[in-house]
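Reader: I'm new to this and would like to learn how to read a protein model. Could you walk me through a few features?

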Amino acid sequence: MTRKEAAREIKRLSELLRRHEHEYYVLAAPTLSDREYDALYDQLASLERDFPDLRTPDSPTARVGSDLSSELPEVEHTIPVLSLDKAYAHEEIVAWARKIQGSSGAEVSFTVEEKIDGSSMVLYYEKGVLVRGVTRGNGLKGNDVTANVKTIRTIPLRLARAVSVAVRGEVFLPIDEFARINSSMEIPYANPRNLAAGTLRRVRSSDVAAVPLTIFAYEGFFTGGADPKSHVEVLSLLEELGLRVSTRIGLFSADGELGGKLSSLRERHPEWTFGDFDAMVRYLGAQRETRRALPYEIDGLVAKVNELDRRELLGYTGHHPRWAIAYKFEAPEGVTVVQGIDVQVGRTGRITPVARVRPVAVGGTTISNVTLHNQDYINMLDLAIGDSVAVSRRGDVIPAVERVIEKNDTNSTWRMPDRCPACESGLVVVGAHHFCPNRDCPAQVRGRLLFFVGRGQMDIENLGPETIDVLMERESLRAPADLYAFDYGKLAELPGFGEKKISLIRAGIEKSKAQPFRVVLQSLGLAELGQKVAELLVDSGYRSIDELLALADAGSVEALTVIPGIGEKTAQTVLEGLRRPDVREQIERLRAAGLSFVEEARGEAAGAEQIFKGQTWCVTGSFERFTPRELAMEEVKRRGGKVVASVSGKTTHLLAGEGGGSKLEKARAVGARIVSEEEFLLMLARAPEPKRED
Ligand SMILES: [Zn+2]
């Protein structure tokens with residue numbers, strides 16, 4: 001293909017993909033199937049690889065993010081990014097509207113929009129292209145998070161028209177996504193807002209791309225290409241340009257008709273609510289009551305003057321626009337004082353600051369400790385010891401500091417200590433977190449031992465924190481393997497260790513040797529190698545530590561990333577962990593102690609002949625006998641084969657059903673054997689699984 005042809009093709013594919021993304025993510029009405037989309041995407045990505053200089057910064061492939069680190073520089077806002085005046089009763093909102101109407105000659109209308117509880121964002125578009133995404137910051141300056149913002153699929157990288165506009169919006173995470181992501185986090189976030197804000201501040205945009213953030217745009221400041229007269233027009237324009245705008249909007253005026261001007265809007269927006277000021281009172285009250293049923297969190301409503309010329313006349317106070325007001329719903333909160341900030345050292349060395357607060361009752365429970373996550377989080381709150389703070393417990397999750405109500409006398413912000421409180425090592429910063437780099441740090445050693453024996457890992461009964469502390473202090477136990485080499489009889493000399501207790505500990509140690517390989521694997525406590533990843537590895541056919549160690553030595557990241565659910569970062573981190581000499585030593589010592597480092601295939605245990613051993617299978621298309629097609633993959637696994645999600649150089653077989661697409665070509669290219677359903681059934685018939693006794 002010539003360069004010119006490539007340029008034309010890249011343009012065509014980009015436009016197609018962009019249109020589809022808009023249909024899919026914004027309109028929720030896709031016209032392409034996922035498979036068609038993926039095929040177009042792959043074509044574009046491969047053209048861009050061949051002609052890298054033709055890749056545009058707003059290419060749909062830019063969505064996947066990069067691992068480049070950014071320092072989140074500060075930039076000045078070019079539009080007013082003020083906060084809103086607040087009211088806590090809906091009567092105040094209507095009184096505010098009546099007052100503005102009263103002081104105005106012409107009729108004024110008011111929009112009421114949901115105040116999404118997310119992270120406020122300003123998107124700067126120049127001639128239709130997204131040039132900058134900036135957090136609200138202090139209103140004058142915010143953090144440049146452009147790379148992160150580009151991973152949010154509902155934010156167009158290019159608008160439908162070449163207008164220049166600064167768009168304000170709220171970036172947020174839907175409640176169900178929050179629940180899903182938060183449940184797998186080592187330190188769960190208190191609420192979707194904190195997770196959204198925290199994600200936007202991540203240094204690696206690929207981490208951001210993994211979180212399905214979305215946006216509602218709610219304000220546009222046009223500097224070229226459009227001249228709207230009302231807020232309602234602004235919203236329509238934003239929508240036409242490709243931005244996501246909420247459809248839950250109310251429009252009210254004194255007589256509810258605005259001199260007949262509303263009838264066309266009523267037709268265009270049947271989903272909106274229209275009416276007079278009495279209807280506005282009802283609307284505010286109803287919205288407040290029904291907010292729990294929304295798929296996202298809102299913390300209030302915002303009423304705004306609709307007519308932009310009227311807004312100009314009203315202007316601004318020093319802090320707020322006079323043409324808008326927020327109606328805040330109160331969250332269950334308590335006010336207390338930060339009495340101290342403790343620094344905890346986790347088993348990975350991660351330092352977590354925890355605020356000790358004067359105990360306060362919130363939503364039926366008493367809060368006395370509140371995690372502060374990391375220094376960034378504390379900076380965001382501008383928090384210090386002695387500050388008065390609002391703490392909350394939203395839903396049934398862990399308590400959080402919502403905001404500082406009054407600073408302490410010194411008006412300072414708490415700083416992370418330079419040294420580890422447990423071992424005095426100088427702390428290092430990785431991403432948003434501080435770490436103690438000393439793997440022999442007593443706090444980390446203790447954390448690792450407790451993790452290893454804990455529930456969900458080796459689950460060794462009768463080895464609680466007190467016993468671990470004794471073993472560390474008196475007997476210098478350091479590593480999990482030491483637990484298996486120790487002569488527990490020696491404990492009889494110590495107070496509190498009777499014969500019965502010692503025999504129970506011994507029994508627990510013995511019993512742990514029967515834990516399956518997958519449990520042993522995740523008990524090693526390696527980064528990214530938790531329960532889920534351990535299961536994925538073993539179920540994908542990596543049923544012995546030696547296979548994994550060989551992968552680590554070879555650095556075969558791709559062998560792991562083809563497993564559905566394992567991303568590149570996870571694969572790299574896991575293999576790095578398995579290459580560490582201290583980890584190798586632990587593994588060998590634990591193996592010598594009799595722990596399981598091999599797991600039989602499920603089918604092997606049932607007696608199925610391992611005819612697919614050493615083979616790597618991928619599947620494409622649909623089947624007559626295997627619906628869903630995972631059933632076919634189960635048969636492969638039972639007979640000793642590995643199963644992967646995409647074809648790579650390591651793939652030996654492709655099971656191809658009806659309508660297999662690009663995988664077929666790829667399989668041919670890498671020389672994998674292509675197996676039809678019929679042929680596959682014959683293979684299975686040659687190695688039947690014996691009927692179970694039951
Ligand atoms: Zn330390």
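Author: Sure! Keep in mind that this is a predicted model. Let's start with burial: a residue counts as buried when its relative accessible area is under 20%. F680 comes out at 0% relative accessibility, so F680 is buried. F612, at 2%, counts as buried too.

Reader: Okay, and how are the rings of F612 and F680 arranged relative to each other?

Author: For a ring pair, you look at the distance between centres and the angle between planes. Planes under 30 degrees apart count as stacked, over 60 as edge-to-face, and the rest as tilted. The centres of F612 and F680 are 6.2 Å apart and the planes sit at 10°, so this pair is stacked. The pair also links distant parts of the chain, 68 residues apart: F612 is in the loop between α23 and β20, while F680 belongs to helix α26.

Reader: How many aromatic pairs does the structure hold?

Author: There are 16 of them. Another one joins F612 to W617: here the centres are 4.9 Å apart and the planes make 55°, so you'd call that pair tilted. W617 is buried, just like F612. Put it together and you get one aromatic cluster, made of F612, W617, F623, F626 and F680.

Reader: Which charged residues lie over the face of a ring?

Author: Here are two cases. R132 lies over the face of Y124, 5.6 Å from the ring centre. K642 does so with Y542, at 4.4 Å from the ring centre.

Reader: Next, the metal. Which residues coordinate the zinc ion?

Author: Look for the atoms that hold the metal. Here they are the SG atoms of C420, C423, C436 and C441, at 2.2 to 2.4 Å. Along the sequence, these donor residues follow the spacing C-x2-C-x12-C-x4-C. Both C436 and C441 are buried.

Reader: What is the geometry of the zinc site?

Author: You go by the angles. For four tetrahedral donors, the ideal angle is 109.5 degrees. Around the zinc ion, the angles among the four donor atoms run from 98 to 116°, and the site is tetrahedral.

Reader: Last one: is helix α8 mostly covered or mostly open?

Author: For a helix, you count its buried residues. Helix α8 spans residues 231-241 and is mostly covered, with eight of its 11 residues buried. Among them are H231, V232, V234 and L241. After α8 comes G242, which has a positive phi, near 115°.

Terms used. Residues numbered from 1 in each chain as written. Predicted model: local features only at pLDDT ≥ 70, side-chain atom pairs only at ≥ 80, totals over all residues. Heavy atoms only, no water. Buried < 20%, exposed > 50% of the residue type's maximum accessible area, 1.4 Å probe, protein only. Helix = DSSP H or I, 4+ residues; strand = E, 2+ residues; numbered from the N terminus. Donors = N, O, S within 2.8 Å, 3.2 Å for Na, K, Ca; no water. Tetrahedral: all angles 85-135°; square planar, octahedral: opposite > 155°, others 65-115°. Phe/Tyr/Trp six-rings, centres within 6.5 Å; stacked < 30°, edge-to-face > 60°. Lys NZ or Arg CZ within 6 Å of the ring centre and 35° of its normal.
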